[in-house]
Amino acid sequence: MFERDWEWSELTAFAADKGSEATMAVVSGRRRQGKSFLLDSLARAAGGFYFCAYEATEAESLRRFGDELGQYSGSIAPMRFDRWEQAVDALLALGRERPVPVVLDEFPYLARATPALPSIVQVAYGPRRTERLASRTRLLLCGSSLSFMGKLLSGTSPLRGRAGLELVVQPLDFRQASAFWGIDDPRLALLVHSVVGGTPAYRREFVRDDTPADLEDFDSWVCRTALSPSSPLYREARYLLADEADLRDRALYHSVLAALASGNATAGRIAGCLERPISDITHPLTVLQDCGLVRKESDAFRKNRSVYRVGEPLIAFDHAISRPKLPLLDRGMAEQVWESSQPRFLSAVVGPHFEQVCREWVAHFAAPETFGGMPIEVTYGTVPDQGERTSYELDVVVRGAVGQDGGVLLSLGEAKWDQVMGVGHLERLRRAATLLAGRGVDMSAVRLACYSGAGFTEELRAAGKRGEVVLVDLARLYSGE
């Protein structure tokens with residue numbers, strides 16, 4: 001188990017809860033994050049029951065469930081259930097003597113075959129039901145379909161208000177991923193992260209611990225993994241969509257993601273790219289957000305303007321690099337495709353990913369004194385310049401708390417992956433700050449910041465030493481505050 005201490009502590013605390021009544025938890029997260037490993041380990045450590053469902057009819061699922069529950073209970077013959085009401089009560093009976101964790105993994109498969117199953121669990125966990133009051137079963141419902149699991153406890157769902165723990169197992173952050181892949185070079189670490197993100201299984205199961213030896217090996221590594229038809233990583237991005245049952249017209253969803261990967265970040269531009277009315281892409285964008293594959297960000301200075309970004313690096317890489325050249329890649333021409341795709345990789349994949357990593361650094365790793373306060377919101381912003389008939393795109397806009405004031409503007413920043421940043425970039429930030437001040441924005445606490453993957457000129461470094469600008473390079477992203 002790697003960097004899952006917090007998740008493990010939450011699960012063990014739930015499983016060992018001394019309460020006298022049965023409780024329930026919901027655990028979710030995309031595939032390959034280690035949810036099943038965590039829950040199976042929990043059941044083994046606490047002497048609990050673990051059942052992993054697969055796509056099957058209700059009758060087959062109940063038969064498998066009875067067989068495995070009989071083996072767990074030491075029953076001479078398999079246990080047989082005609083209905084899930086009986087099966088859930090059997091799980092409650094396991095906790096009559098002590099707290100017992102009980103895991104129903106891949107719960108969406110069970111609910112798909114038995115749509116009433118969430119309601120059945122709701123009734124079983126009724127506040128005054130005798131079977132629940134006499135049980136200390138710690139039921140954990142787990143699933144990889146984020147759209148399904150996200151709705152399990154929301155709105156008018158039968159299980160709303162029933163769960164005592166809602167845990168989402170997230171991918172590793174960029175620093176954890178660097179350590180997990182065993183990469184010490186921050187530039188190489190970010191390049192790898194821009195392809196595979198922070199999903200643990202991609203290193204172990206998908207590329208069999210094949211990691212790039214150094215920067216010179218990175219191109220070869222991409223060709224033998226993400227662009228190789230013989231590698232499971234090659235098709236994984238397409239399978240991520242297949243995990244979501246709510247995605248009906250998969251071709252449309254792939255086209256939306258392809259438009260996003262091409263730099264079409266607003267609903268209008270996505271619709272224009274697909275030659276469809278905006279109304280046709282509103283629902284796909286909402287579903288993709290529910291799945292965690294797309295995230296929506298609001299402009300810091302124009303709240304009525306939002307952009308959409310691909311939330312999974314492997315999908316961004318696939319739609320920007322692999323999908324347009326699938327016929328060539330299927331013929332084993334990875335090296336030729338990769339050589340011709342270098343400019344697009346840097347502009348459409350690494351550049352936007354670097355900007356997002358910079359925002360994550362501010363939100364999770366920067367010390368409060370770096371920006372003079374505790375960051376509360378980190379996003380992007382656009383500042384129009386009417387006089388020059390242009391606008392300034394700010395990649396990292398930080399709002400935070402200073403003393404008793406919340407929501408104070410703390411920083412305006414620009415991020416460049418492949419440019420050595422100089423005083424010209426600082427002047428752009430100063431101009432944006434002047435324009436905002438002219439609009440009445442409180443600039444008293446603002447610190448300007450430059451984020452670069454290629455370094456800074458001596459003149460800009462001197463400005464940094466004078467306190468005129470915060471400079472963040474790759475070394476600081478991966479090991480500094």
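Where is the place of Asp 209, in terms of the helices around it? In this predicted model, Asp 209 lies in the loop that runs between helix H11 (201-206) and helix H12 (215-224). Asp 209 counts as partly exposed, because its relative accessibility is 38%, and its phi is positive, at about 65°, although the residue is not a glycine. Most residues other than glycine have a negative phi.

Two further residues with a positive phi can be set beside Asp 209, as the following table shows.

| Residue | Phi | Place |
|---|---|---|
| Arg 32 | near 75° | loop between strand E1 (23-28) and helix H2 (35-46) |
| Asp 209 | about 65° | loop between helix H11 (201-206) and helix H12 (215-224) |
| Glu 275 | near 55° | follows H15 |

Arg 32 also counts as partly exposed, because its relative accessibility is 31%.

Strand E1, which precedes the loop of Arg 32, belongs to an open sheet of five strands, arranged in the order E2-E3-E4-E1-E5 with parallel pairing. Strand E2 (49-52) and strand E5 (165-168) each have a single partner strand and stand at the edges, so one side of each is left without a neighbour in the sheet. On average, and with direction ignored, neighbouring strands of this sheet are turned by 15° against each other. Within the sheet, E1 pairs with strand E4 (residues 137-143) in the parallel sense over six bridges, and Ala 25 stands opposite Leu 140 in E4. Helix H1 (residues 5-15) packs on the sheet, where it touches E1, strand E3 (100-105), E4 and E5, and the direction of H1 makes about 155° with that of E5.

Further along the chain, helix H15 (residues 267-274) has Ile 270, Ala 271 and Leu 274 as its buried residues. These residues lie on the same side of H15, because they cover an arc of only 95° around the axis. Helix H14 (250-261) and helix H16 (278-290) are among the elements that cover them.

H14 and H16 also meet one another: their axes come within 10 Å and cross at roughly 85°, and the two helices are therefore roughly perpendicular to each other. On the side of H14 the contact is made by Leu 252, Tyr 253, Val 256 and Leu 257, while H16 contributes Asp 280, Ile 281, His 283, Pro 284, Leu 285, Val 287 and Leu 288. The residues of this contact divide into nine nonpolar, one polar and one charged.

Definitions and conventions
Residues are numbered from 1 along each chain as its sequence is written. This is a predicted model: local features need pLDDT of at least 70, side-chain atom pairs count only at pLDDT 80 or more; totals for chains, interfaces and linings use all residues. Side-chain values use heavy atoms; hydrogens and water are left out. Helices (H or I, at least four residues) and strands (E, at least two) are DSSP runs, numbered from the N terminus. Buried means under 20% relative accessible area, exposed over 50%, partly exposed in between (1.4 Å probe, protein chains only). The arc is that of the directions from the helix axis to the C-beta atoms. Contact means heavy atoms within 4.5 Å. Axes are lines fitted to C-alpha atoms, for helices over the stretch in contact, and angles run from 0 to 180 degrees between N-to-C directions. Angles under 35 degrees count as roughly parallel, over 145 as roughly antiparallel, 65 to 115 as roughly perpendicular and the rest as oblique. Ala, Val, Leu, Ile, Met, Phe, Trp, Tyr, Cys and Pro count as nonpolar, Asp, Glu, Lys and Arg as charged, and the others, Gly among them, as polar. Two strands pair if DSSP finds at least two bridges between them.
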